[in-house]
Every structure is written in C-alpha cells, then in structure tokens.
Amino acid sequence: MAVVLQGAGVSPGVGAGPVLRVAGDVPEPPAGDRHGGDAAAERAAALAALEAVAADLEARGERAAAAGNTDGRDVLNAQALMARDPGLADGVGAKVDEGVAAARAVFEAFGVYREMLAGAGEYLAARVADLDDIRDRAVARLLGLPVPGVPESDEPFVLVARDLAPADTAVLDPAQVVAFVTEEGGPTSHTAIIARTMGVPAVVALPGAATLADGTRVLVDGAAGTVRIDPSENEVRSARAAAEARASALAEFTGPGATADGHAVPLLANIGGPKDLEQAVANGAEGVGLYRTEFLFLDRATPPSDDEQEEAYRKVLEAFPGGRVVVRTLDAGADKPLAFLPAPGEEPNPALGERGVRMSVRYPDVLAAQLAALARAAAGLTAQLQVMAPMVTDAADARWFAERCREAGIEHPGVMVEVPAAALRARDIAAEVEFFSIGTNDLTQYACAADRQVGGLARLQDPWQPAVLDLVAPAAAAGVPCGVCGEAAGDPALACVLVGLGVTSLSMSAPSLPLVRAALAKHTLEQCREAAAAARGARTADQAKDAARAHLPGLTGLGL
Ligand code: PEP
Ligand code: MG
C-alpha cells in the first residue's frame, strides 16, 4: 500500500521526482584525533579537501552568474578565496605536523581565523558564518560525509530539508527543483513564500520528512499537502492532469481584479527583485504590492551601492508604467538576517528583537541611502512609487518613517501593519501616513505567539484564526487605503473575506493571482461581506474557513 505523508500544503501544483536532501550539520571532529604518522599524506589530503571546496564554490558561482545572479557569484568567489588562503594552509600544515588528524587540523586552523573575525567588529563578525560554511564543507569531505548546503544535480529533483534559509535558495535553479518538502517551516515561512514565488509546489511542516532517503521517488501535491512515496506512473499522471485542468479553468478569468458586481480590487504581485517581474506580468499583476528589497541583498557580503539599488528599483518601476509599485524598505533581522546589517548583539528572541523599521532606526544612513535611491529611480517615470516600512509598532515609528521619506522626496509614505499593537491603534497610525499594507504573516505570528519558522506550530500560524481577522478589521477601517500583502491574500477564500472586511487591494506571489482573480470574479461584494462576518463569528480557524466558504459557493466550481 502506498505510503502518503501529510504536511501543510503551501504552494499549489504537483511535482514528482527523486528526493535530494539538504545535508544537515557537520559534526565537530573529536579533539585529540591523531593521524597514523604519515604527516605528508595527511597534509596533502587536507589541502586537497580545501582545494576541492574552493573549486566547487567557484563552479557554483559560474552557474549562478550564468543564471543572471552575478552577486551570488561574487559571494561564492570570495568564499573560494578564503578556502585557498595560504595562511590557512600553513596553519593546517603546522597542526598536521604536530600529529593532528587532517579533519581536526582543518577544524582547529579555521578556529584561529574564526576568533580573529569574531572580535574584529560587527561587519567582519558577520563573515564568521561564511568561514564556518567553508570549514564544514572541507571537514565533510575529509570525513566522507555529505557536503552541507543545497545540493546540485543534473536531473530535476524534489528538494527535502529540515528548513530552508532565504540565502540557501538564492542560488537554486527553478527548472531543477520540481518541489520543496521541509520538516520545519510554517505556511508563512520563507520556504513557503519562496516556493510560491518560484511557482514550485511545496509541502512544509511534514513530520516524516527526515525519513525520506536520497533517490526515493515521491509525488508532492502542494495543494493537498501530501507526499506520496513511490507513486505509480498512473498516480503521477492523474495528479498532473487534475492540476492542469484546474489551471485551464482559471485561465478563463483575465483583466483587473474585481468582484462579480464590479467592485475593483487591484491585484498586485509580491516580488523579491527584478527577476520576479516576468512572472508577475505573465500572471496579470496590476502592479507591485510588496517589493521585499532585502531579498536583493540576502546573498551579499557587502552593502549594495547607491547605483545598484537605483537600477534594481528602476527596473521594477519601468515594468508597470502608470501602475502602482509599493516598495518595502529593508526588513533585516530575525528570519531575514543580512550580513552587512548585524543585530546589535545576541538576541534571545530575534523575532521580538531589532528587525524591520527598528533596524532602520539603528542604521539611519542605510535607510537614507535606500530612500534616496528610490526617489532617483522614480524620477521621470509614470509608475506611482509608494514606500512603506516593515514592523511598525506605533504612531511614533510611523511619524519617524514618514519624516525620513519626506526628507528624501518620497511623497507617499506608508506602513506595514504586522504588529498587533499597530492594528489595534490603526487610527493613530493612519494620521501619520498615507496607506497601510497588512502583513498577515507576521501579524499572525505575533497575534498567536507562534514563531513562523517552527513547523510544529502550523495550526497556530493560520491567518484564518478569528483573532487575526479581528485585527485586520480595525486596520481596514482606519481611513487610509489598506492592502494585504501577507500570504493570506493569495488564499482565494480568505482573499474574498479580506475584501469583505474592507481591504482595498491584495498582493501575493504571482502564481496565486489567477486563483484570487477567479475567486473574486465569482462573488459579489455583499457575499464577501457575509463571508467575512461569518468567519469573524466563528471560534476556531477551521470553523472560520468553513463558515466563510458556505457564503462563497463559486469556489467549488473552480476546484478551489
Ligand atoms: C508579512 O509579514 O505578512 C509580510 C508580507 O512580510 P514578510 O513575510 O516578508 O515578513
Ligand atoms: Mg513581515
């Protein structure tokens, strides 16, 4: 009998292929490990491992550059240089001459550099992670263990991991990865967001993911949240046929977003950079509702130059002449660490620490440079630039940000509503800025006190939680245009509920646009309002969903 594992489906579609795992942590070679006496051979093995790591990093860099990611190549080349550092080789040689085994010698030699960097100021301290990565790769080779990090393969595969960091996925080739499966990560984790943006089916919070061995064939259904082990050809065929039938039913709905009775709801795209534009335009995005600018800089060792920023922003603005482009200023920290913007120190609770606009307050020059680059990029173009700050808590944050925007010549400052305090006091904040965009991912995380990175809490990371809907309502009623750009906006039923709550635009990963366009077109504004009232009247997330769907009969016909 086929084994089917159940997780949380976070990116629809069907993908089948062999499993390729992201290898886990490399253990520290035990202190005191000694070699058998042939120091020359041991030293040669250690240096060969370091050279192999350097060559592999360079080769990855070339592939990243060929795929248009030249920043990725620069990071990888810088890492390759560290692996070939003559001082490091001397350090390894000296340890081996003392009798230390090759893997341990590499570990200890890196330790010396590690301490130097860690004590050399914030910026260099952030390079420690790069150094650890090179060390782990070399040690893994010497110990015959799988090399850590995202694997590469000549044939398409299903990527299985405990969780994926945003930086892990920066060098992934979407044509190679037919599906993502992770053990951790909730529906709003960055694995889920990246999968949706790439249009790759994904299942997260899958308890048995660790038991899936490399090479096992699996069928991933990103809508149902299932992973079927060793599926028959027939099962793969019929799952693909069902997914295609649904896609062609949705393709009939085109044009700007609106309810069945003509209430306009602009449908916008969430993007991480110019590379996501093609898909956004292809799916009929009317503009950009969330440009996650930190995604431009995740895989970088150095801060972006003013010109680079201006160019990345201009490309996006140019893609939507006459349209709206909402840019979020850097949301660094917590689940989106940036090497060049380190947190002030150890934070026991990074999600409750310095992130988002709090980081901008700490590094005002970085914000000023970003705002100036945005203003220059928008000059002379017809797209309407709107700029918003992440993680705003109160009216003081909002005022500070709006002042910085106006100083830079940005006319339409806004804020994200993703902290419950901001939602509850939305009227105070509305007095300071021109628009809101509700980040339901973080709003849910904070309302339900459930870390969005933790797979075991998927039940609580659900924006259908009536408490989350209760927080959306005051923000939508605060008197300024209020969009939603969290993942909730891409759920067709929830999108109707949000419109019923008074939300004025919806922004989502591009592949979700056709689903939401069709769902809205099938229902009147009144039906959306009834669905919203029913959902808020429920006591649990599941009941809220069922209650709303009872007022949204058109979803069933669409297979949604
Ligand atoms: C959100 O929190 O809902 C959001 C859109 O921002 P991010 O997912 O990038 O934190
Ligand atoms: Mg957020």
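Select helix α18 first: with 3 residues, α18 gives the most to the shell around ligand 1. Helices here are DSSP runs of H or I with at least four residues, strands are runs of E with at least two, and both are numbered from the N terminus. This is a predicted model, in which local features need pLDDT of at least 70, side-chain atom pairs count only at pLDDT 80 or more, and totals for chains, interfaces and linings use all residues. Residues are numbered from 1 along each chain as its sequence is written, chains are lettered from A and ligands numbered from 1 in the order written, and side-chain values use heavy atoms, without hydrogens and water.

Next, show ligand 1 with its surroundings. Of the 16 residues around ligand 1, those that come nearest are R292, R328, K336, N441 and R452 (a residue is near if one of its heavy atoms lies within 4 Å). The shell divides into 7 charged, 5 polar and 4 nonpolar residues (charged: Asp, Glu, Lys, Arg; nonpolar: Ala, Val, Leu, Ile, Met, Phe, Trp, Tyr, Cys, Pro; polar: the others, Gly among them).

Now pick R452, where a side-chain N or O atom is 2.7 Å from an oxygen atom of ligand 1. At E418, the distance from a side-chain N or O atom to a ligand oxygen is 2.9 Å. For D442, a backbone N or O atom lies 3.0 Å from an oxygen of the ligand. Colour α8 (190-198), β10 (287-292) and α18 (440-447), the elements that give two or more residues to this shell.

Finally, select F436, V497 and L506, which touch the most other members among the 124 residues of the largest nonpolar core (buried Ala, Val, Leu, Ile, Met, Phe, Trp, Tyr and Cys residues joined through side-chain atoms within 4.5 Å; buried means under 20% relative accessible area, with a 1.4 Å probe and protein chains only). Helix α20 (residues 492-500) supplies the largest share of this core, 7 residues.

Conventions: A polar contact is a pair of N or O atoms within 3.5 Å; within protein, one must be able to donate a hydrogen and the other to accept it, and residues adjacent in sequence count only if both atoms are side-chain atoms. Buried means under 20% relative accessible area, exposed over 50%, partly exposed in between (1.4 Å probe, protein chains only).
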